[in-house]
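Me: I want the reasoning behind the labels, not just the labels. Can we go through them one at a time?

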Amino acid sequence: MRRLPGEFEAQSFVQIIFPHAQSDWAPYLDEACENFVNIANAIRRHEPCLIVCDDVQRVKGFFNEYDNLYFAAYQSDDTWARDCSGITVYDGTVPTVLDFTFTGWGGKFDAARDDAMTASVGKHYDCAVEQVDFILEGGGIESNGAGTLLTTSECLLNPNRNSAHSKADVEKLLTDLFGLQQILWLDHGYLAGDDTDSHIDTLARFIDEKSIMYVQCADETDEHYEALRSMEHELQQFRDSEGNPFSLVPLPMCEPAYYDGERLPATYANFLIINGAVVVPVYNDPNDQAALNVFKACFPGREIVPVDCSVLIRQHGSLHCVTMQFPKGISPVHYQ
C-alpha cells in the first residue's frame, strides 16, 4: 500500500535549484544567490542539501565549506524546486519518486527544462523514479502522512492544468498514486501576486497528522479578508479520516509588501520542516516575531530558523517553493 509521507517525518535530504543568469533572477542575481545560500546553510546544519545548479564550480564558490552539501549539474529554466521536483511515496518502507509533468503553472512560463529535471537528476537517486502523465506541482498538495491530502480546487481543478480530467478523475488518480483515504478541497483562499493559482503551501499546512497551520487575515480592510475568512470556515469543517476535527493554528497575515507597484505574496505558511528544525520565511515585517512565536509554541522539539525571504517574493514565491524534501530512505551521496 502506497503512502505519501508528511513533511514532518524523518528526511534524507532537501533539494534546491540555484539561481543563474538565464533565470528570472537576473536583475538582482547577487541578492537571490545570497538568499539561496542562506537557505542551504540553514538546511545543512540539520541534514544534507542537494543543490541542482548550472555550474557546480560557480555555485561552490558561494560556500566556505561543503559539509552536508551535494551538487548536481543541470541547466534549469528557473529555481522553483517544490513544483518541478519529484514527489516521494512509500511502498511499505521502499521509497519511489513520482515524476509528474510540470508546465510552468498552467503554461504561464517556459518550463521544458524544469519538467525534464527529475528524469535527469533522478538517475542518481538510489530508488526508482516513476513517470506520471499528469500535471501536478508539489506546492499544490499537503499530506498528513496518514491518508489525508489537503489541496485547493483553484489549482488542481484549474482548466490550465488537466482540463480533460473531472474532479472524480483527479481524486481517483491521486488516491491510487498516494494511497489516500480522503482529499480535502479548499474552495476559498488566495494571495495577491501568486502565480500558482492558490497553491496550498502558501495558505494552509499540516504540521502533524492532526494539526493544520494556516494564514488568518484579521484586517477587514485587506483585500484578502473575505477569502481567507471563508477558507478558515472551511478548515473548521474538515475532519480527519477518523471523523475528528483538526487542531487549527492561525498564523498572522503579513503587512502588504510591494515591488515595482505590485503586491507580493508574502506568507509565513511557506515554511519548511526539516530534521530537528523549521526554516521560516521572514520579510522584515512587523509580524515576523509574532509568527516566529507561533512556530516556537508548535514545534518545541525543533529549532526555529528564520531566513529573510524578501528577495524571493519579488518572483512571487517564498522559501517552501524553492525547496523539496526527500524522506528517509533516499541518499544524495552519489553527488559530490
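Reply: Gladly. This is a predicted model. Start with Val59, which is buried at a relative accessible area of 0%.

Me: Why is Val59 called buried?

Reply: The cut-off for buried is under 20% relative accessible area. Val59 has 0%, so the label applies. Val59 lies in helix 2, residues 56-60.

Me: What separation do the C-alpha atoms of Val59 and Ser247 have?

Reply: They are separated by 42 Å. Along the chain, the two residues are 188 residues apart.

Me: How do you know that the protein chain is as compact as a globular protein of its length?

Reply: First, its content: the protein chain has 10 helices and 19 strands. Its radius of gyration is 18 Å, and the globule rule gives 20 Å for 336 residues. The two values are close, so the chain is as compact as a globular protein of that length. The C-alpha trace spans about 50 × 45 × 40 Å along its principal axes.

Me: What share of the protein chain counts as buried?

Reply: Of the 336 residues, 61% do.

Me: Now the backbone. What makes the phi of Asn68 worth a remark?

Reply: Most residues other than glycine have a negative phi. Asn68 is not a glycine, yet its phi is positive, about 65 degrees. Asn68 is found in the loop between helix 2 and strand 4 (69-73).

Me: Why is Asn68 called partly exposed?

Reply: Partly exposed covers the range between the buried limit of 20% and the exposed limit of 50%. Asn68 has 30% relative accessibility, so it belongs in that range.

Me: Where does Asp197 lie, and what is its phi?

Reply: Asp197 lies in the loop between strand 10 (182-186) and strand 11 (204-208). Its phi is near 65 degrees, a positive value in a residue other than glycine.

Me: Is Asp197 buried or exposed, and how do you know?

Reply: Buried. Its relative accessibility is 15%, and buried means under 20%, so Asp197 meets the cut-off.

Me: Which residues form the negative surface patch, and what makes it negative?

Reply: The patch is formed by Asp219, Glu220, Glu226 and Glu255. Asp and Glu count as negative, so the patch takes that sign.

Me: How do you know that Glu255 is partly exposed?

Reply: Its relative accessible area is 42%. That value falls between 20% and 50%, so Glu255 is partly exposed. Patch members need over 30%, so Glu255 passes that test too. Glu255 lies in the loop between strand 13 (247-251) and strand 14 (258-259).

Technical notes. Residues numbered from 1 in each chain as written. Predicted model: local features only at pLDDT ≥ 70, side-chain atom pairs only at ≥ 80, totals over all residues. Heavy atoms only, no water. Patch = residues over 30% accessible without salt bridge, like charges linked within 9 Å, V, L, I, M, F, W, Y side chains within 5 Å. Areas by Shrake-Rupley, 256 points an atom, 1.4 Å probe, with all protein chains shown as cover. Salt bridge = Lys/Arg side-chain N within 4 Å of Asp/Glu carboxyl O. Charge placed at Lys NZ, Arg CZ, Asp CG, Glu CD. Helix = DSSP H or I, 4+ residues; strand = E, 2+ residues; numbered from the N terminus. Buried < 20%, exposed > 50% of the residue type's maximum accessible area, 1.4 Å probe, protein only. Rg over C-alpha atoms; globule rule 2.2 N^0.38 Å.
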